[in-house]
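Trainee: Please take one part of this structure and go through it closely, from its surroundings down to its residues. Afterwards, place it in the context of the rest.

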Amino acid sequence: MSTEKFDAIVVGAGPAGTSAALTMAKGGLSVALIERGESPGAKNVFGGVVYKWPLEEMIPKFWEKAPIERKIIDHRMVILGKDSGFSVSYKDDYLGMETRGGFTALRSRFDPWFAQQAEEAGATLVTSMPVSEVIEEGGRVVGIRAGRGKENELYAQAIVAADGVMSTVLQKAGIRGPPAAEDVAIGLKEVIELPSDTIESRFNLKRGYGARLDYLGSVARGKSGGGFVYTNSNTLSVGIAVLLSHLLELRCKPYEILDEFKSHPVVAPLLEGGRVKEYQAHLIPEGGLQSIPPLASRGVLAVGDAAMLCLYPEGTNMAMASGVMAGKTILESKKTGDFSIQRLMLYERLMKESYIFKEHSRKKNYHNVLTSGDRFNTDYPDAITEIMRNILVVDGVDRGTKHAAARKVIRDKVGYVRVLRDLYRDIWSALPW
Amino acid sequence: MVSEAGVGPNILLAVKQVPDVSELRLDPVTHSLLREGVPSVLNPYDRYALEAGLRLKEIHGGRLTVVSMGPPQARKALQESLALGADEAVLLTDRAFAAADTWATAYTLSVFAKTIPFNMVLTGLKAIDGETSQVGAELAEFLDIPHASYVRKIDLRGDMQGVTIERQLENGYDVWELPLPCLLMVAKEFGQPRLATLQGYIRAKRQKIRILTAHDLEALGANSAYFGLKGSPTFIPKVSPPPAKPPGTIWSGDPKESVRKLVDALSREGFV
């Protein structure tokens, strides 16, 4: 049996891999999209929000046909104290039009639909096939192996590694090792079932529209972590993420953090009466700019989580955008017939000029914020609780005195210099907006 | 595609797509199977029949056609058959076929089978969802050919005039000779089924699955009154789990006393 060669092999049919495959298939390339799960979406986990950009570039008016749970019109950011919550929210129907504010989705529905678009464009999707090895020739990766024998080998002009945070392809190709414990968070998520009208009344929503609640502060016992509650049609996606190195310091089970989050007085009423339908866990890249591996190396283009392209709270957009750029790069190579390692470096150039790198550069201190100090997880939330309680309890003490007390709290808990420095720099890395 | 008919045996294999039992759940209230969102897979018993077909093809050449009746998602089971090396896949799919019992299923499959030349029909022993083990035998009756079940070994004569098989029994095995064409229901003792390869899946993706609807089968002479629910003589008034076993009784203490109690109990129940 002759072994045919594809223009490109994409390993992993998540948002990044499928974007690459779709982009290339639409350009007329022969593409094999290889997924280890029984179906796309079977093995991966995400919080639950997908964005209009760059999905629209690939599938115009996708919102008319994609399996969308709810269009997000209400964005709430909540800073949790030990028993309290300080929220800022923005609600706007404008964000719901054409899913401008993003939409919630479930992997088991969205990923198969998305991969089907790539298939219809001409990509060859193969499922239940874990890629276990790369095939190297002349200093570059020329193919992959998914088992023993020639029949399990596949060759291509270029390889796209879209196989997630633990990327077998990148590790086997020696492009990067397993991520360090301080560069990943462990994410835990439950899908909790509630009737859709309960969700709508509880979150003050119209049918078809949704809210995303992102929680900061005291989520993970004073360590770096965040929580979320996203509304789906008749479920809630509820989860936490804790930096793995911090979880190791806490010496507790990750689900204990999730249980604490779920029973927090600010969160618990939202979930009341819900039934846990699914439980998922996954590693999330949190290393920021410095953890991004060589993007185009030895014939392999790294995209999505494999390239550590997550930046709180976004991920699916960066996965898709990187997939599109990898796809465009290989399309360019096809045009000129030049698949040299040098030529594939175009991907890295495209990436460096893109939203992804601009965001990563802007939040270049993100990793520092996560790993150093606990003012964002303890000091600020404690100060906010103390100040707000003092101000909002009407007890005959005048506000002038209370404001003076508030200034003292800030001075004692964090210090003015610290606050100014954080406002100038680190806070913008810590906030989701 | 160049037809290989006439070179070796034409083998027809009937397969079923079943829900992946490892992902099946019961509704806690109604106790019915929750099928929504449960992926469908090739019936595991059919893998042995497919393996038998592939091995016969390796020895004798010929052509292996796989047919399934089921909803559109049965494509996946057929695609897997193609990935493993089947030559052609046919899906009989139509709302009119829905809720067919084994009789109506066997009838529908037989209509298609009569339209192609075959020397042998293979099926699995049973499906893991219904566990009736009836469709194979019924299909043989509709086709008016002999059949054997629990087949663990198949020796096809090179002149295509007969086949010697071994049937797995509880304490041994039978050796039978059957004329061709015949239908064989293959047991798991036949041997470990192979795994599909990456190249196999890619080839399978490029092969078209032939789709036949109720209308198509009618055009081939089928009586549509025998399709699906309305063609099914089986009527299921109720599905209930097996009754829980009553707890046993244990007598301990003095053996003589215990034996006396046991004899009393047995005579009270009318056993002695």
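**From an outer helix to an inner strand**

Mentor: Helix H7 of chain B, residues 255-268, has 14 residues, which at 1.5 Å a residue should span 20 Å; the end C-alpha atoms of H7(B) are 20 Å apart, so expectation and model agree. The model is a predicted one. H7(B) is hardly covered, since zero of its 14 residues are buried. Just after H7(B) comes Gly270(B), with a positive phi of about 85 degrees.

The part to look at closely is strand E12 of chain B, residues 182-186. Five of the five residues of E12(B) are buried, so the strand is largely enclosed by the rest of the structure. Its side chains divide between two directions: Cys182(B), Leu184(B) and Val186(B) point one way, Leu183(B) and Met185(B) point the other way, and all are buried.

What encloses the strand can be followed from its sheet. This is an open sheet of nine strands in chain B, with mixed pairing and the order E11-E10-E9-E12-E8-E1-E6-E7-E13. The edges are held by E11(B), residues 172-179, and E13(B), residues 209-212; each has a single partner strand, so one side of each is left without a neighbour in the sheet. From one strand to the next, the twist averages 35 degrees. In the strand order, E12(B) stands between E9(B) and E8(B).

Strands of a sheet pair through backbone hydrogen bonds, in either the parallel or the antiparallel sense. On one side, E12(B) pairs with E9(B), residues 147-156, in the parallel sense over three bridges. One residue pair here is Ala148(B) with Leu184(B), its bridge partner in E12(B). On the other side, E8(B) and E12(B) also pair in the parallel sense, over five bridges. There, Met120(B) stands opposite Cys182(B).

The approach to the strand has a feature of its own. Pro181(B) lies in the loop between E11 and E12 of chain B. The peptide bond joining Leu180(B) to Pro181(B) is cis, with omega about -5 degrees.

Helix H1 of chain B, residues 44-60, adds a layer across the sheet: H1(B) lies across E1 (10-15), E6 (63-69), E8 (120-124), E9 and E12 of chain B, and runs at about 150 degrees to E8(B). H1(B) has 17 residues and should span 24 Å at 1.5 Å a residue; the distance between its end C-alpha atoms is 25 Å, which agrees. Its buried residues are Tyr45(B), Asp46(B), Arg47(B), Tyr48(B), Ala49(B), Leu50(B), Glu51(B), Ala52(B), Gly53(B) and Leu56(B). The list includes the charged residues Asp46(B), Arg47(B) and Glu51(B). Just after H1(B), Gly61(B) takes a positive phi of about 75 degrees. H1(B) thus has buried residues, whereas H7(B) has zero.

For the chain as a whole, the secondary structure of chain B comes to seven helices and 13 strands. Of its 272 residues, 39% count as buried. Among contacts in chain B with a separation of 6 or more, 70% are between residues 24 or more positions apart. The C-alpha trace spans about 80 × 45 × 40 Å along its principal axes.

Chain B also touches chain A, through nine residues from chain B and 15 residues from chain A. The chain B side of this contact has four nonpolar, four polar and one charged residues.

Chain A is divided into domain 1 (5-68 + 105-178 + 290-364), domain 2 (184-285) and domain 3 (373-430). The centres of domains 1 and 2 of chain A, taken over C-alpha atoms, are 28 Å apart. Their contact takes 15 residues from domain 1 and 17 residues from domain 2. The domain 1 side of that contact has ten nonpolar, four polar and one charged residues.

Some backbone details of chain A complete the account. Chain A has a cis peptide bond from Trp53(A) to Pro54(A), with omega near 0 degrees, and Pro54(A) lies in helix H2, residues 52-58. Asn204(A) is not a glycine but has a positive phi of about 60 degrees; Asn204(A) is found in the loop between H5 and E12 of chain A. Asn204(A) counts as exposed because 10 C-beta neighbours lie inside 10 Å. Arg298(A), also not a glycine, has a positive phi of about 55 degrees. Arg298(A) is partly exposed, with 18 other C-beta atoms within 10 Å.

Methods: Residues numbered from 1 in each chain as written. Chains lettered and ligands numbered in written order. Pairing = 2+ DSSP bridges. Helix = DSSP H or I, 4+ residues; strand = E, 2+ residues; numbered from the N terminus. Axes fitted to C-alpha atoms, helices over the stretch in contact; angles between N-to-C directions. Contact = placed C-beta atoms within 7 Å. Buried ≥ 20, exposed ≤ 12 C-beta atoms within 10 Å, placed from the backbone. Expected span 1.5 Å × (residues − 1). Domains from an automatic or database assignment.
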